[in-house]
Amino acid sequence: MMPNPDDAQLFASLRTMWERHDPMPEHLVEDVLVALETRHLAEEYRELLLMSDARELTGARGEAPRILEFGIETVTLLLRIDSDGDRHRIDGWLAPPRTGRAALERDGEVVAEAEISPEGRFEFPDASAGSYRLVIRSVDDDGHSVTGEFIV
């Protein structure tokens with residue numbers, strides 16, 4: 001059905017009136033697009049909760065490495081932190097194993113990144129002392145997981 005020419009003229013007049021008296025906010029289109037793109041963000045974002053923080057008793061002299069365990073229902077993350085003075089080595093394992101990338105963040109900035117092997121292993125061989133968060137992004141999953149803050 002073809003629109004009546006009078007209807008087209010009426011709609012054009014209405015559009016002109018609304019554009020003049022109540023214009024669309026400047027960034028409305030971008031804001032709507034961002035809202036649509038991030039609508040599943042809460043589902044994709046999972047926080048790994050600290051389940052334990054312990055020292056591994058190896059029987060060797062010197063300081064034992066620290067073991068942190070983070071987890072949620074389906075994912076467990078173990079971090080082994082070895083310290084040598086001011087430098088620290090962080091080894092991580094994901095269970096069940098999955099490939100992807102691990103990012104070490106400090107004050108919201110990525111300070112180091114590492115590939116996660118098919119066995120779920122990754123490492124940060126030289127971290128300075130400080131407070132960090134770890135972000136895990138799996139290759140085969142749209143979401144990602146973030147640990148709570150931990151101190152090295």
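**Asking how the labels were earned**

Modeller: In this predicted model, the largest cavity is lined by 3 nonpolar, 2 polar and 2 charged residues.

Colleague: Which residues line that largest cavity?

Modeller: The lining is made up of Arg46, Val75, Leu94, Arg98, Ile136, Ser138 and Ser145.

Colleague: How do you know which of them are nonpolar, polar or charged?

Modeller: Val, Leu and Ile count as nonpolar and Arg as charged, while Ser falls among the others, which are polar. Set against that list, Val75, Leu94 and Ile136 are nonpolar, Arg46 and Arg98 are charged, and Ser138 and Ser145 are polar. That gives the split of 3 nonpolar, 2 polar and 2 charged.

Colleague: What makes this space a cavity, not a pocket?

Modeller: A 1.4 Å probe fits inside a cavity but cannot get out, whereas a pocket is open. The space here is about 30 Å³, and the count comes to 1 cavity of 30 Å³ or more.

Colleague: On to the outside. What makes the nonpolar surface patch?

Modeller: Met24, Leu28, Val29, Val32, Leu33 and Leu36 make it, and the patch covers about 540 Å². Take Val32, which sits in helix 2, residues 28-37. A patch residue needs over 30% relative accessible area, and Val32 has 40%, so Val32 clears that bar.

Colleague: Why is Val32 called partly exposed?

Modeller: Exposed means over 50% and buried means under 20%. At 40%, Val32 falls between the two, so "partly exposed" is the label.

Colleague: And how much of the chain is buried?

Modeller: Buried residues account for 27% of the chain's 152 residues. As for the fold, there are 3 helices and 10 strands, and along the sequence the three α elements come before the β ones.

Colleague: Now the charges. How many salt bridges does the structure hold?

Modeller: There are 10 salt bridges. Side chains of opposite charge can pair when their charged atoms come close.

Colleague: Why is the contact between Glu115 and Arg101 called a salt bridge?

Modeller: The cut-off is 4 Å between a side-chain nitrogen of Lys or Arg and a carboxyl oxygen of Asp or Glu. Glu115 and Arg101 meet at 2.1 Å, N to O, so the pair qualifies. This salt bridge links distant parts of the chain: Glu115 is in strand 6 (residues 109-116) and Arg101 is in strand 5, 14 residues apart.

Colleague: Are those two partners exposed or partly exposed?

Modeller: One of each. Glu115 has 54% relative accessibility, so Glu115 passes the 50% mark and counts as exposed. Arg101 has 33%, so Arg101 is partly exposed. Arg101 belongs to strand 5, residues 100-106. Arg101 and the cavity-lining Ser138 are 37 residues apart in sequence, yet 6.5 Å apart in space, C-alpha to C-alpha.

Colleague: What about Asp82 and Arg80: how do you know that their side chains meet in a salt bridge?

Modeller: Their N to O distance is 2.7 Å, which is within 4 Å, so the label holds. Asp82 at 25% and Arg80 at 24% both count as partly exposed.

Colleague: Which residues join into one network of salt bridges?

Modeller: Start with Glu123 and Arg121, whose side chains meet at 3.1 Å, N to O. Shared partners then join Arg89, Asp91, Arg121 and Glu123 into one network. Glu123, at 31%, and Arg121, at 30%, are each partly exposed.

Methods. Residues numbered from 1 in each chain as written. Predicted model: local features only at pLDDT ≥ 70, side-chain atom pairs only at ≥ 80, totals over all residues. Heavy atoms only, no water. 1 Å grid on protein atoms, 1.4 Å probe; cavity = no way out; pocket = protein on both sides within 12 Å on 5 of 7 lines; lining within 4 Å. Points joined across faces, edges and corners; volume = space filled by probe spheres on them. Patch = residues over 30% accessible without salt bridge, like charges linked within 9 Å, V, L, I, M, F, W, Y side chains within 5 Å. Areas by Shrake-Rupley, 256 points an atom, 1.4 Å probe, with all protein chains shown as cover. Helix = DSSP H or I, 4+ residues; strand = E, 2+ residues; numbered from the N terminus. Buried < 20%, exposed > 50% of the residue type's maximum accessible area, 1.4 Å probe, protein only.
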